[in-house]
Every structure is written in structure tokens, then in C-alpha cells.
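Visitor: I'm new to this one and would like a close look at a single part, the aromatic rings, with some of the surroundings for context.

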Amino acid sequence: MLVSAGLCFLLLVVLLLFYIRHIYRVPYYRFTQADAVKLLERAILGELPEREWTVFIGMEIRDNQGLESLRECCIFIDESCVKSNSYVNGQSCVIFNKDGLAQLEELLDEWRYKSQYDA
């Protein structure tokens, strides 16, 4: 009886350790300044797939506060300036209105400068 209780406890501890170890191994989206510049360029050109835009604005960036601020600006642009979608090379791409394009161009200028300065 005591041995089976000990084995059950040991099994519970092993399962708990397995859960704790693997809960932090959730895949995450690694985003860099160079990725930000490419994303903004493609958004301005109307060649940014809706899927990529949605992934970018939908995932919190915890390791870089600057990129998180960019993502938050893009959320605002998404909420107020998305005009429609169009198909480019068989993919649904996000199209922004004039105000959205102007805001994206400002962000692009800022992030091009940052990526050159940090390189």
C-alpha cells in the first residue's frame, strides 16, 4: 500500500515537472527590426498577405519594447485605416487607405533609420 502511494506520488511529481518544463516551450514569433522594415515596405506596396499582418498585430512581442510599440501602432492603423483586401499572387493582401499609408510610411522611415543605426 505504501509503495503504491509512493509510486503514485512520484508519477504525479514527474507529470508536474513535465508540464512546467514544456509549458514555457510554446512556439513564439521571433520578429526583428529587419523584419519590421520588410513588413512595412510590403504593406505600403499592397503586397503584404493578410495572414502575415494578422500574425504580426495579434502576437505580443515581449523581448523588444520598441517592436511592441510598433505592433501597437499597427493595431491602431489596422482598426482605423484598412480599406480592403486584394489578391496578389493568389494571396489575400491588406490594402490601406491614404491616411493608413501615410502612417505606415512614417513608421517605415523611423524603422529604416533605427535598423541602419543599430546595424
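By your rule for aromatic rings, how many aromatic pairs does the count come to?

Guide: The count comes to three aromatic pairs. The rings of Phe, Tyr and Trp (its six-membered ring) pair when their centres lie within 6.5 Å; planes under 30 degrees apart are stacked, over 60 edge-to-face, and the rest tilted. Take Trp-53 and Phe-56: their ring centres are 6.4 Å apart and their planes meet at 45 degrees, so this pair is tilted.

Before going on, a word on what you're looking at. This is a predicted model, where local features need pLDDT of at least 70 and side-chain atom pairs count only at pLDDT 80 or more, while totals for chains, interfaces and linings use all residues. Residues are numbered from 1 along each chain as its sequence is written, and side-chain values use heavy atoms, with hydrogens and water left out.

Back to the rings. Trp-53 and Phe-56 both sit in helix 3 (residues 50-58), three residues apart, or about one turn of the helix. Helices (H or I, at least four residues) and strands (E, at least two) are DSSP runs, numbered from the N terminus. Trp-53 counts as buried, because its relative accessibility is 1%, and Phe-56 is buried too, at 0%. Buried means under 20% relative accessible area, exposed over 50%, and partly exposed in between (1.4 Å probe, protein chains only).

Trp-53 also pairs with Phe-96, this time edge-to-face: 5.2 Å from centre to centre, with 75 degrees between the planes. That pair links distant parts of the chain, since Trp-53 is in helix 3 and Phe-96 is in strand 2 (residues 91-96), 43 residues apart. Phe-96 is buried as well, with a relative accessible area of 4%. Put together, Phe-31, Trp-53, Phe-56 and Phe-96 make up one aromatic cluster.

Now step back to see where that cluster belongs. The protein chain has five helices and two strands, and along the sequence they follow the pattern α-α-α-α-β-β-α. Of its 119 residues, 26% are buried. Among contacts (heavy atoms within 4.5 Å) with a separation of 6 or more, 57% are between residues 24 or more positions apart.

Follow Phe-96 into its strand. Strand 2 runs antiparallel to strand 1 (residues 82-88), and six bridges join them; two strands pair if DSSP finds at least two bridges between them. Ser-84 stands opposite Ile-95 of strand 2. The hairpin has two residues between the strands, and in it Asn-89 takes a positive phi near 50 degrees. Just along from there, Val-88 belongs to strand 1 and is partly exposed, at 27% relative accessibility. Leaving aside neighbours within four places in sequence, Val-88 is in contact with Gly-46 and Cys-93. Its C-alpha is 8.2 Å from that of Pro-49, 39 residues away along the chain.

On the other side of helix 3 in sequence comes a loop that leads to helix 4 (65-81), and Glu-60 lies in it. Unlike the buried rings, Glu-60 is exposed, with a relative accessible area of 53%. Not counting residues up to four places away in sequence, Glu-60 touches Glu-68 and Arg-71. Glu-60 and Arg-71 are eleven residues apart in sequence and 8.0 Å apart in space, C-alpha to C-alpha.

Helix 4 itself has 17 residues and reaches 24 Å from its first C-alpha to its last, close to the expected 24 Å; that expected span is 1.5 Å times one less than the number of residues. Asn-64 caps its N-terminal end, with a side-chain oxygen 3.0 Å from the backbone nitrogen of Gly-66. (A polar contact is a pair of N or O atoms within 3.5 Å; within protein, one must be able to donate a hydrogen and the other to accept it, and residues adjacent in sequence count only if both atoms are side-chain atoms.)

The buried residues of helix 4 include Cys-74 and Cys-81; Cys-74 has a relative accessible area of 0% and Cys-81 is at 2%. A search of the whole structure finds zero disulfides, meaning cysteine sulfur pairs within 2.5 Å. For Cys-74, the nearest cysteine sulfur is that of Cys-73, 6.8 Å away.

Last stop: Gln-103 is in helix 5 (residues 98-118). Gln-103 is buried, at 19%, and beyond four places in sequence it touches Phe-76, Ile-77 and Cys-81.
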